[in-house]
Amino acid sequence: MANPNLTDMTEEDAADLQFPKDYDPLSETSKSECDVDLEVSVLKDEIPISDPTCRVCKSTLVEPYVRCAVCVNVEICLPCFAKGCEIDTHKNDHNYMIIKNEFPLFDSGWSAMQETKLLDLMLQCGFGNWSDISHAMGRTAKECKQHYLQHYVDNQTLPDLPKLKENRTSLFSCDPIPFLYKLQDLDEPPRFAPDTANGKLVAGYNAARSDFEVNFDNDAESLVADLDLDDFQPDDNMYELGRALQVAMVQVYNNRLKERMRRYEIIRRHGLIALRKINSWIKRFDNTIPRAERLLIFMQLMDGMDFDYIMEGLHHVGELKNNINTLLEFRRNGLTHFHSVSMFQNLTKMRQENERERKQYLNNPEYSWKSVLPGYITNSSNPIPGTSLQRKVAPPLSIKSLPGYEKLTFDERELCSVARIVPSSYIDFKHLLIAENKKSGSLKLAQARALLKIDVNKTRKIYDFLAEEGYINKPTS
């Protein structure tokens with residue numbers, strides 16, 4: 001993104017100083033008043049007119065003074081304005097304008113407006129950035145530096161200014177730390193062999209010469225490889241047609257080169273070569289943007305900053321949805337105040353830890369009630385004939401923060417938690433089975449296992465659940 005123009009920023013800041021934020025300088029009233037001001041300024045040197053007077057104390061106004069932006073022809077001097085005086089329909093809470101604050105603060109030829117502009121630029125650009133400050137001020141860097149140091153640091157004439165001593169502690173919040181660099185930072189870019197995994201991952205891109213081993217549309221040069229401009233001579237009958245054909249072939253070749261450059265520009269601009277980096281970056285949005293990898297296709301339609309804005313906006317929407325789901329979960333558990341959330345979370349954590357300890361205790365054969373029965377063998381390596389060891393049941397999966405959670409119903413969430421299925425994967429399985437069911441009107445369990453290709457127990461749970469909910473139909477025979 002390009003840096004904003006400092007000149008435009010300072011003009012906006014100056015406008016904020018002259019006009020209240022609630023006052024619209026483009027309104028009809030302000031336009032008419034501005035027109036009057038322009039006419040007065042033009043005629044001021046030609047026709048002598050009386051000086052404006054304060055509507056309250058009737059004294060002659062001396063710049064700067066205040067003009068009401070709501071009332072018509074209401075001008076007040078600064079002492080009356082400071083006292084909050086009101087007259088007729090004018091109230092002291094009306095929007096106002098400051099008329100010409102070109103008075104000098106110091107005997108230096110700098111007006112108050114310029115002093116304010118200089119201080120604002122110091123906050124924006126930072127102390128010492130005299131080049132940018134001078135560009136926005138319209139003065140030389142030497143003049144800006146000397147004026148600031150003379151009147152605000154060395155010889156302070158205005159009261160209540162902080163006494164500053166120019167040293168390392170005042171200029172820097174802490175001692176400056178020199179930049180440390182390593183020699184390996186200057187190493188050459190990597191050169192992957194063509195047949196290696198890294199070489200295939202970057203599609204043969206050679207970072208050392210910023211080009212590909214095999215270009216896009218690699219046979220484009222074959223169009224003009226055998227092109228001979230001397231095939232047609234001016235005295236030939238087919239000269240015009242032949243030259244037109246050669247020009248058309250060159251134009252086709254140029255169009256193919258433009259398409260190649262366009263693709264390379266997209267790849268370089270969006271960093272599509274670093275595929276692993278993109279995949280790791282896109283995982284950041286797994287909890288907030290479902291199927292975020294599908295949005296990568298839009299990278300070729302916009303630049304990197306615009307795409308980042310879109311992703312960050314969708315990420316913020318996903319965070320809001322997750323927060324809403326969390327609040328709904330608290331409300332389902334009877335919480336109506338935020339100060340109860342911390343206690344609820346602590347108790348939930350304690351309950352989960354106790355549940356985990358209880359399962360570990362029950363799974364320990366030494367504490368099992370079966371150990372007191374006669375003939376019980378504690379050695380698991382020599383089990384009793386005819387008996388089989390029971391498989392441990394996995395605990396439910398916490399799916400609250402996983403992608404696709406907000407799209408599930410309450411029963412679907414229970415199914416995914418018990419069957420330990422990621423919500424986004426369950427949604428894919430659901431659409432796949434429903435689509436296959438629409439083709440033939442029914443769906444067998446064997447067909448579902450062939451389509452999903454996951455654990456048979458999970459497939460059976462999904463199949464039975466979708467059949468009970470009416471999403472799919474079991475065969476009648």
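**Close-up views of a three-stranded sheet and a negative surface patch**

**View 1. Strand β1 pairs with β2.** In this predicted model, strand β1, which spans residues 65-68, pairs with β2 in the antiparallel sense over two bridges. Val 66 has Ile 76 as its bridge partner in β2.

**View 2. Strand β1 pairs with β3.** Strands β1 and β3 run antiparallel and are joined by four bridges. Within this part of the sheet, Cys 68 stands opposite Tyr 96, a residue of β3.

**View 3. The open sheet has the strand order β2-β1-β3.** The sheet consists of three strands with antiparallel pairing. Because β2 (75-76) and β3 (96-99) each have a single partner strand, both stand at the edges, and one side of each is left without a neighbour in the sheet.

**View 4. The side chains of β3 alternate between two faces.** Met 97 and Ile 99 point to one face and are buried, whereas Tyr 96 and Ile 98 point to the other face and are not buried. In a regular strand, side chains alternate in this way between the two faces of the sheet.

**View 5. A negative patch lies on the surface.** The patch is formed by four residues, namely Asp 411, Glu 414, Glu 468 and Glu 469, and the helices α14 (410-419) and α17 (456-469) each supply at least two residues of it. Glu 469, which is found in helix α17, is partly exposed, with a relative accessible area of 41%; this value is over the 30% that a residue needs in order to be part of a patch.

Methods
Residues are numbered from 1 along each chain as its sequence is written. This is a predicted model: local features need pLDDT of at least 70, side-chain atom pairs count only at pLDDT 80 or more; totals for chains, interfaces and linings use all residues. Side-chain values use heavy atoms; hydrogens and water are left out. Two strands pair if DSSP finds at least two bridges between them. Patches are made of residues with over 30% relative accessible area and no salt bridge: like charges are joined within 9 Å, nonpolar side chains (Val, Leu, Ile, Met, Phe, Trp, Tyr) within 5 Å. Accessible areas come from the Shrake-Rupley method with a 1.4 Å probe; for residues, only the protein chains shown count as cover. A salt bridge is a side-chain nitrogen of Lys or Arg within 4 Å of a carboxyl oxygen of Asp or Glu. Lys and Arg count as positive and Asp and Glu as negative; His and the chain ends are not counted. The place of a charge is taken as NZ of Lys, CZ of Arg, CG of Asp or CD of Glu. Buried means under 20% relative accessible area, exposed over 50%, partly exposed in between (1.4 Å probe, protein chains only).
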